[in-house]
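Trainee: Got a minute to go through this one with me? I would like to start with the overall layout and then get to the details.

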Amino acid sequence: MAQVKTRSAEARDLDAVAALFDAYRQFYEMPADLPLARRYLGERFERRESVILVAEDARGTLVGFTQLYPAFCSVAADRTFVLYDLFVTPSARGTGAGRALMEAAEAHARAAGAARLELQTAKTNRIGQSLYESCGWKRDELFYVYAKALKP
C-alpha cells in the first residue's frame, strides 16, 4: 500500500486542489468548470471560510482532499464542523487516502474543540457510506434533511 500523508492545504496548492474539486463536482453530475472551482476555493482560502485538508502520495502529488465548514449546534450550544467534500482520485482509491483524510478531519475538529462532525452523502454513494461507517460514523435515524433552492 502506498504511503499517504495528509496536511492542511496551502495557497500554493490552489490549482491542484481546484482540479480535485472540479472532479468531485463532476462525480456529483455537475459540468466540468475548472475556473469556477478555482474561484470558489480561492474565495474560501482568502476569507478563511473553510478548512481544506489534502492527501498526498509518496511523490508529493495531491490525490485527495476534504473540505470542512465551521458551524454551530444551538441545541448542544457548541461548535461543530460540516465535512462537506471528500474526494480521492480514482487512481488513489484503495490506498488509504480517504481514511487518512477522514482521520485528519476528525483530528482537526477535536483540536478546535468541536462537539461533533457532520456530513451528508448521496444515497447511492455506497463506497463512501462504507468508509464513513468503518470510521465510526453513525447514520442519523432521528432527523430528516430538508433543502430549499434559492438559485436555479
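Mentor: We can take the fold, then the strands, then the aromatic residues. Keep in mind that this is a predicted model.

Trainee: Fine. How many helices and strands does the protein chain have?

Mentor: The protein chain has 4 helices and 5 strands. Read from the N terminus, the elements run β-α-α-β-β-β-α-β-α. The radius of gyration is 15 Å, close to the 15 Å that the globule rule gives for 152 residues, so the chain is as compact as a globular protein of that length.

Trainee: And what does the C-alpha trace span along its principal axes?

Mentor: About 45 × 40 × 30 Å. Buried residues account for 39% of the 152 residues in the protein chain. The chain exposes about 10,200 Å², and carbon and sulfur atoms supply 54% of that area.

Trainee: What share of the contacts is long in sequence terms, say residues 24 or more positions apart?

Mentor: Among contacts with a separation of 6 or more, 53% are between residues 24 or more positions apart.

Trainee: On to the strands. In what sense do β2 and β3 pair?

Mentor: β2 and β3 are antiparallel, with 6 bridges. Glu-56 stands opposite Leu-62 in β3. The two strands form a hairpin with 5 residues between them, and Gly-60 in the turn has a positive phi of about 90°.

Trainee: How many bridges join β3 to β4?

Mentor: There are 10 bridges, and these strands also run antiparallel. Here Pro-70 stands opposite Phe-81 in β4. The hairpin of β3 and β4 has 4 residues between the strands.

Trainee: So β3 has a partner in β2 and another in β4. How many of its residues are buried?

Mentor: 9 of the 12 residues of β3 are buried, so the strand is largely enclosed by the rest of the structure.

Trainee: Back to backbone angles. Which residue has a positive phi although it is not a glycine?

Mentor: Ala-77 is one, with a phi of about 50°. Ala-77 sits in the loop between β3 and β4, and counts as exposed because its relative accessible area is 65%. Arg-48 is another non-glycine with a positive phi, about 55°.

Trainee: Where is Arg-48 found?

Mentor: In the loop between α2 (34–47) and β2 (51–56). Arg-48 has 75% relative accessibility, so this residue counts as exposed.

Trainee: Different topic: aromatics. How many aromatic pairs does a search of the whole structure find?

Mentor: The search finds 8 aromatic pairs. One of them is Phe-21 with Tyr-24, which is stacked, at 6.2 Å centre to centre and 20° between the planes. Both residues lie in helix α1 (residues 14–27), 3 residues apart, or about one turn of the helix.

Trainee: Are Phe-21 and Tyr-24 buried or exposed?

Mentor: Both are buried. For another geometry, look at Tyr-69 and Tyr-84, an edge-to-face pair with 5.8 Å between centres and 80° between the planes. That pair links distant parts of the chain, with Tyr-69 in strand β3 (residues 62–73) and Tyr-84 in strand β4 (residues 78–88), 15 residues apart.

Trainee: Which way do those two fall, Tyr-69 and Tyr-84, buried or exposed?

Mentor: They split. Tyr-69 counts as buried because its relative accessibility is 17%, under the 20% cut-off. Tyr-84 has a relative accessible area of 52%, so Tyr-84 is exposed.

Trainee: Which residues do ring pairs link into a cluster?

Mentor: The cluster consists of Phe-21, Tyr-24, Phe-27, Tyr-28, Tyr-40 and Phe-65. A charged residue comes in at Tyr-40: Arg-44 lies over the face of that ring, at 4.4 Å from the ring centre.

Trainee: I also marked Asn-125. What does it touch?

Mentor: Leaving out residues up to four places away in sequence, Asn-125 touches Phe-27, Tyr-28 and Tyr-132. Phe-27 and Tyr-28 are among the cluster residues.

Trainee: Where does Asn-125 lie in the chain?

Mentor: In the loop between β5 (116–118) and α4 (126–134). Asn-125 counts as buried because its relative accessible area is 12%.

Definitions and conventions. Residues numbered from 1 in each chain as written. Predicted model: local features only at pLDDT ≥ 70, side-chain atom pairs only at ≥ 80, totals over all residues. Heavy atoms only, no water. Phe/Tyr/Trp six-rings, centres within 6.5 Å; stacked < 30°, edge-to-face > 60°. Buried < 20%, exposed > 50% of the residue type's maximum accessible area, 1.4 Å probe, protein only. Lys NZ or Arg CZ within 6 Å of the ring centre and 35° of its normal. Contact = heavy atoms within 4.5 Å. Pairing = 2+ DSSP bridges. Rg over C-alpha atoms; globule rule 2.2 N^0.38 Å. Areas by Shrake-Rupley, 256 points an atom, 1.4 Å probe, with all protein chains shown as cover.
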